[in-house]
Amino acid sequence: MSLTVIIIIVAVVVVLIVCAVAARRVMVRRRGLQERFGPEYERTVEAQDSRRAGEQELREREERHDALDIKPLPAAARDRYSRDWAHVQEQFVDRPDEAVHDADRLVTTLMSERGYPTEGYEQQLRDLSVEHGKTLEHYRAAHDVNDRSSSHRATTEELRGAMVHYRALFEELLHDGDRPGRDAA
């Protein structure tokens, strides 16, 4: 075997190893995005022209999220929000439309106090998707009903469902980074 053949074989092996390492890195990063974003991964990838563009969008969301000052709530604030939520739920029996609107405002206020920007629904979704991707469908469903109830096009059952959906995100935001019963810093 000549030296040239050996050099070609070594070069091919090195290229194959580099390709295998690169493919492995891509798969690890993809798996990490899928685990972090949950159902938002597929939703975002499908909304883009390619998987690569979707994953780039998700990485940009991570970068934006990392720059935010997201903080857990102190115990006193969690207690206050819990009382406010109980009050909103009590209103539902007599004024379901208004209770859903109040639930939307309460979730938005909670997001703001945690450090999430609240300027625009689509941006809220992108920011929340980083840490709350598995709960985001609840927020979308609730927001849709909230919009329809503004023009009195939502049934009482849909309004009830919206309260359940809002509560899912509310609870996650309320206790995120902390467990009930523990004091936050």
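When two helix axes meet at an angle over 145 degrees, we count the helices as roughly antiparallel. I begin with that cut-off because it settles how to read the first pair of helices in this model, which is a predicted one.

The pair is helix 4, residues 75–91, and helix 5, residues 96–114, and their axes lie 8 Å apart and pack at an angle of about 165°. That angle is over 145 degrees, and helix 4 and helix 5 are therefore roughly antiparallel to each other. Their crossing is left-handed. If you would like to follow the contact on the structure, look on the helix 4 side for Ala77, Arg80, Tyr81, Asp84, Trp85, Val88 and Gln91, which meet Pro96, Ala99, Asp102, Ala103, Leu106, Thr109, Leu110 and Glu113 on the helix 5 side. Sorted by class, this contact holds 9 nonpolar, 2 polar and 4 charged residues. As you trace it, please keep in mind that an α-helix has 3.6 residues a turn, so residues three or four places apart point the same way.

Helix 5 also has a second partner, namely helix 7, residues 136–150, and here the axes come within 9 Å and cross at roughly 135°. That angle makes helix 5 oblique to helix 7, and the crossing is once again left-handed. From helix 5, the residues making this contact are Asp97, Val100, His101, Asp104, Val107, Thr108 and Met111, while helix 7 contributes Tyr139, His143, Asn146, Ser149 and Ser150. By class, the contact of helix 5 with helix 7 has 4 nonpolar, 6 polar and 2 charged residues.

Let me turn now to helix 3, which covers residues 51–67, has 17 residues, and reaches 25 Å from its first C-alpha to its last, close to the 24 Å expected. Which residues of helix 3 are buried? They are Gly54, Glu55, Glu57, Leu58, Arg59, Arg61, Glu62 and His65, and these buried residues pack against helix 1 (3–37), helix 2 (39–47) and helix 6 (121–132).

Helix 6 brings me to the last residue I would like to show you, Ser129, which is found in that helix. Is Ser129 buried or exposed? Its relative accessible area is 0%, and since buried means under 20%, Ser129 is buried. Leaving aside residues up to four places away in sequence, Ser129 touches Arg36, Phe37, Glu40, Arg61 and Leu136. One of these, Arg61, is a residue we have already met among the buried positions of helix 3.

Key. Residues are numbered from 1 along each chain as its sequence is written. This is a predicted model: local features need pLDDT of at least 70, side-chain atom pairs count only at pLDDT 80 or more; totals for chains, interfaces and linings use all residues. Side-chain values use heavy atoms; hydrogens and water are left out. Axes are lines fitted to C-alpha atoms, for helices over the stretch in contact, and angles run from 0 to 180 degrees between N-to-C directions. Helices (H or I, at least four residues) and strands (E, at least two) are DSSP runs, numbered from the N terminus. Angles under 35 degrees count as roughly parallel, over 145 as roughly antiparallel, 65 to 115 as roughly perpendicular and the rest as oblique. A crossing is left-handed if the near helix is turned anticlockwise from the far one by less than a right angle, and right-handed if clockwise. Contact means heavy atoms within 4.5 Å. Ala, Val, Leu, Ile, Met, Phe, Trp, Tyr, Cys and Pro count as nonpolar, Asp, Glu, Lys and Arg as charged, and the others, Gly among them, as polar. The expected span of a helix is 1.5 Å times one less than its number of residues. Buried means under 20% relative accessible area, exposed over 50%, partly exposed in between (1.4 Å probe, protein chains only).
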